[in-house]
Amino acid sequence: MTFTRSREGSIKLIQHGLKYDVFMRFMRRIIIGVAIGLGVLFALVMLARTVLFATPEPMDARAAVREGRDLLADARRVLVVVAHPDDADWYAGGTLALAARRGAKVRVIVASDGEKGPWRNRDTAAPGKRVQQTLAQVRRAEQEEAARILGYEVEFLGLPDRGVGDVKDLNDRLASIVARYQPDTLLTFDAARPRLPYVHPDHQAVGKAVAELVESGHASVAGARVFLFSTRRPDVAVDIGEVMPQKRQAIMAHASQGFGAELGNRGPGLA
């Protein structure tokens with residue numbers, strides 16, 4: 001009996017081992033299958049990004065330069081709609097400086113104060129300022145200084161940072177501003193084809209609101225030319241060489257965002 005019980009126990013142990021081995025082989029196949037599937041999915045996503053979202057150079061460089069000259073030549077009342085302080089100076093500061101220098105009236109609408117952004121120079125600010133000022137106040141002051149440098153007017157809406165798109169009457173408020181200002185040239189973000197990889201929800205919100213205003217045929221934008229920056233389909237080029245120092249200075253005014261002396265010769269390669 002002892003031998004028989006021992007034999008039965010051995011058989012049960014072998015059966016258990018076989019089941020465990022089958023189970024582990026099954027799990028390995030699942031893990032390998034999932035890994036291969038994820039690899040294929042990643043490859044497809046990267047291929048789609050390359051094909052659909054690549055940022056080409058203007059198809060006709062000469063035509064793009066001509067469009068840039070026409071933009072400046074015909075601009076008399078320029079309205080720029082952005083999401084945060086520093087947006088206009090980074091993406092279109094040179095163009096705005098040139099337009100102002102040629103006699104155009106330029107106004108920048110800043111939707112939010114960027115109060116949820118970084119405060120990179122807070123530790124080096126004067127102790128009194130650290131206590132007395134909020135980041136929103138600091139960024140407004142920086143934006144006003146940048147506007148002085150480049151020669152445009154600025155208007156703040158005070159909408160919530162990272163919540164501009166949640167403002168229900170955003171479109172109506174922008175329509176009212178555009179109707180009041182009556183621009184012949186309108187600049188904002190490209191919400192349909194934003195330049196990658198940086199896509200901010202507030203940038204998308206203001207770009208979309210302006211696009212909807214234009215598409216609706218609203219009387220306030222009748223006849224206005226619309227130009228989109230931060231786009232992956234550029235077809236207008238503005239030579240800002242003569243005002244590059246002013247643009248660099250305006251960007252450096254936004255010291256809370258780290259655009260201080262360390263900007264050096266790295267300056268932005270945008271208009």
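1. Let's start on the first helix: V34 sits in helix α1, which covers residues 2–53. Keep in mind that this is a predicted model. V34 has 48% relative accessibility, so it counts as partly exposed, since that label covers values from 20% to 50%.

2. V34 also has company at the surface. Together with F23, F26, M27, I30, L38 and L41, V34 makes up a nonpolar surface patch. The accessible area of these residues adds up to about 660 Å².

3. Now for the enclosed space. How many cavities of 30 Å³ or more does a search of the whole structure find? Just one turns up, and the volume of the largest cavity is about 50 Å³.

4. Who lines the largest cavity? The lining residues are F189, D190, P194, R195, Y198, V199, H200, H203, Q204 and S230. Sorted by class, that lining comes out as four nonpolar, four polar and two charged residues.

5. On to the open space: the second largest pocket holds about 550 Å³. Its lining counts 24 residues, and D86, D87, Y91, Y198 and H203 are the ones nearest the centre. Y198 and H203 should ring a bell, as both are also listed in the lining of the largest cavity.

6. Which helix gives the most to the lining of the second largest pocket? That's helix α3 (residues 87–101), with three residues. As for the make-up of the lining of this pocket, there are nine nonpolar, seven polar and eight charged residues.

Key: Residues numbered from 1 in each chain as written. Predicted model: local features only at pLDDT ≥ 70, side-chain atom pairs only at ≥ 80, totals over all residues. Heavy atoms only, no water. 1 Å grid on protein atoms, 1.4 Å probe; cavity = no way out; pocket = protein on both sides within 12 Å on 5 of 7 lines; lining within 4 Å. Points joined across faces, edges and corners; volume = space filled by probe spheres on them. Nonpolar A, V, L, I, M, F, W, Y, C, P; charged D, E, K, R; others polar. Patch = residues over 30% accessible without salt bridge, like charges linked within 9 Å, V, L, I, M, F, W, Y side chains within 5 Å. Areas by Shrake-Rupley, 256 points an atom, 1.4 Å probe, with all protein chains shown as cover. Salt bridge = Lys/Arg side-chain N within 4 Å of Asp/Glu carboxyl O. Helix = DSSP H or I, 4+ residues; strand = E, 2+ residues; numbered from the N terminus. Buried < 20%, exposed > 50% of the residue type's maximum accessible area, 1.4 Å probe, protein only.
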